[in-house]
Amino acid sequence: MLIVFNAGSSTLKFELFEHEGGLPGPKVAHGALDAHDGLITGEAWLGKEVAIKWNTEALVNRHDKMLTLLLDWVKELGFTLTAAGHRVVHGGPIFHETVKVTPEVIDALKAFIPLAPLHQPHNLSAIEALLRLYPELPQFASFDTAFHANEPELAQWFALPRKFYEQGVRRYGFHGLSYAFIAHKLKQLAPKLYHGKTVIMHLGNGASACAVENGRSIASSMGFTALDGLMMGTRSGQVDPGVLLYCQQHLNMDHAAIETLLYKQSGLLGVSGISSDMRTLRASDAPEAKFAIDLFVYRLVREIGALISVLGGVDGLIFTGGIGEHAAFVRDEVINKLAWLGFELDASKNEANETIITSANSKLPAYVIPTDEARQIAYELGPML
Ligand SMILES: Nc1ncnc2c1ncn2[C@@H]1O[C@H](COP(=O)(O)OP(=O)(O)O)[C@@H](O)[C@H]1O
Ligand SMILES: CC(=O)OP(=O)(O)O
Ligand SMILES: [Mg+2]
């Protein structure tokens with residue numbers, strides 16, 4: 001069995017895959033644990049059934065405690081783990097593919113904590129906790145940045161003095177495990193489109209869009225950190241850097257206050273003042289909720305236009321992530337705003353979250369493809385064992 005982790009600030013999501021060498025087999029279990037207010041709660045599913053629920057105290061070492069609960073359960077089921085894979089958000093300029101975790105790799109990844117403060121420290125803390133508890137279990141790290149590592153140089157540069165680029169201050173792009181998974185699916189579903197020019201939109205709590213040609217990333221909306229580009233649940237996306245200078249100089253905001261503003265208080269939550277969740281905003285009658293959705297769509301359409309321009313055309317669009325897979329109203333507005341390109345929605349297919357949501361007359365197709373970052377990690381590490 002392979003176990004794949006996606007560790008966040010307070011959550012530990014996991015998935016278990018059958019594995020007998022080579023590509024992984026079916027997913028046998030999945031679940032999540034959550035640490036808050038000194039408590040750990042969570043549940044795990046075996047297939048479609050909830051198989052266990054956790055509810056226990058944990059004052060310190062949350063990842064140790066969550067991993068112990070989870071791996072004790074895995075052992076009780078009689079499963080033997082052969083390896084663990086981790087989603088690690090930032091691989092910096094160094095890691096371009098899945099790697100086996102060693103002490104040197106951990107040190108290198110720690111250097112990227114400032115580049116992904118909301119993700120990287122938690123990804124690493126799960127790796128280190130597992131190393132303490134199960135030092136013999138081989139661990140692997142798979143990166144959100146890797147899919148973008150071979151983007152054209154122009155797509156990777158900021159217009160800053162050269163030394164910044166040389167020091168690693170460049171656009172990396174994220175959500176690469178999701179994009180790699182979608183590209184793989186698209187190759188099976190629509191091989192011609194896979195070889196063509198597409199814009200893939202990963203719209204979840206974090207959101208980004210990526211120009212992909214022939215299965216490779218050409219440009220993406222996220223940059224040096226997972227803050228750039230689209231409006232997100234609580235992150236601002238692109239803002240004029242002059243705003244940050246203004247916050248420092250005239251609003252007396254220090255680094256911590258600006259970080260909190262950009263990562264936690266902005267996006268759908270900040271603009272609506274109500275929620276970071278598209279479902280809640282959709283259900284609300286408040287004009288601020290509608291405005292936040294309108295701004296999300298506006299910024300997305302603008303970014304799609306930019307990505308299509310650098311691709312030099314487009315053969316299709318793909319929606320994924322929690323919003324991309326489920327928010328039919330968002331897809332409806334995006335596709336209608338792109339009617340000038342030849343997209344025409346099939347409203348009932350869209351409402352039903354079908355795979356192809358454009359009409360038979362549409363000149364170009366739009367797809368909804370559910371993403372699976374954990375399976376992508378399992379695909380990447382399975383053959384390495
Ligand atoms: N049925 C739905 N309708 C509209 N939006 C949804 C729906 N389900 C999930 N979402 C949105 O998707 C977000 C979660 O996206 P997801 O990709 O699952 O998250 P994460 O980035 O944590 O992996 C939620 O915050 C919400 O905005
Ligand atoms: C990179 C990133 O934004 O990830 P997530 O969407 O999981 O927050
Ligand atoms: Mg996500």
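What follows walks through the two domains, their sheets and helices, and the surroundings of the two ligands. The model is predicted, and every value below was computed from it.

To start with the overall layout, the chain splits into domain 1, covering residues 2–143, and domain 2, covering residues 192–373. Their centres, taken over C-alpha atoms, sit 28 Å apart. Where the two domains touch, 8 residues come from domain 1 and 6 residues from domain 2. On the domain 1 side of that contact, the residues break down into 5 nonpolar, 2 polar and 1 charged.

Next comes the sheet that contains strand S1. This is an open sheet of 8 strands with mixed pairing, and reading across it gives S5-S4-S3-S2-S1-S6-S8-S7. The edges belong to S5 (49–57) and S7 (99–100), each of which pairs on one side only. Further in, S6 (residues 83–88) and S8 (residues 139–143) run parallel to each other and share 5 bridges. In that region Ala84 stands opposite Gln139 of S8. Helix H1 (residues 62–76) packs on this sheet and touches S1 (2–7), S2 (11–17), S3 (27–36), S4 (39–46) and S5, with its direction at about 150° to that of S3. Helix H3 (residues 120–133) lies across S1, S2, S6 and S8, and runs at about 160° to S6.

Helix H16 (residues 373–381) meets some of those strands too. Most of H16 is covered, with 8 of its 9 residues buried. The buried set takes in Glu373, Ala374, Gln376, Ile377, Ala378, Tyr379, Glu380 and Leu381. These residues pack against S1, S2, S6 and S8, and also against helix H6 (176–189).

The other sheet is open as well, and its 5 strands are ordered S11-S10-S9-S12-S13, again with mixed pairing. Strands S11 (216–220) and S13 (366–368) are at the edges with a single partner strand each, so one side of each has no neighbour in the sheet. From one strand to the next, the twist averages 25°. S10 (residues 207–213) pairs with S11 in the antiparallel sense, over 4 bridges, and Ala211 has Ala219 in S11 as its bridge partner. Helix H12 (residues 287–311) packs on this sheet, where it touches S9 (197–203), S10 and S11; the direction of H12 makes about 20° with that of S10.

That leaves the ligands. Around ligand 1 are Gly204, Asn205, Gly206, Gly233, Asp277, Met278, Arg279, Gly321, Gly322, Ile323, His326 and Ala327. Two helices, H11 (278–283) and H13 (321–326), are the elements that give two or more residues to this shell. H13 gives the most, with 4 residues. Sorted by class, the shell around ligand 1 holds 3 nonpolar, 7 polar and 2 charged residues.

Ligand 2 has Val89, Asp144, Phe174, His175, Gly204, Asn205, Gly206 and Ala226 around it. Its shell comes out as 3 nonpolar, 4 polar and 1 charged by class. Gly204, Asn205 and Gly206 turn up in both lists, lining ligand 1 as well as ligand 2.

Key. Residues numbered from 1 in each chain as written. Chains lettered and ligands numbered in written order. Predicted model: local features only at pLDDT ≥ 70, side-chain atom pairs only at ≥ 80, totals over all residues. Pairing = 2+ DSSP bridges. Axes fitted to C-alpha atoms, helices over the stretch in contact; angles between N-to-C directions. Contact = placed C-beta atoms within 7 Å. Domains from an automatic or database assignment. Nonpolar A, V, L, I, M, F, W, Y, C, P; charged D, E, K, R; others polar. Near = placed C-beta within 6 Å. Buried ≥ 20, exposed ≤ 12 C-beta atoms within 10 Å, placed from the backbone.
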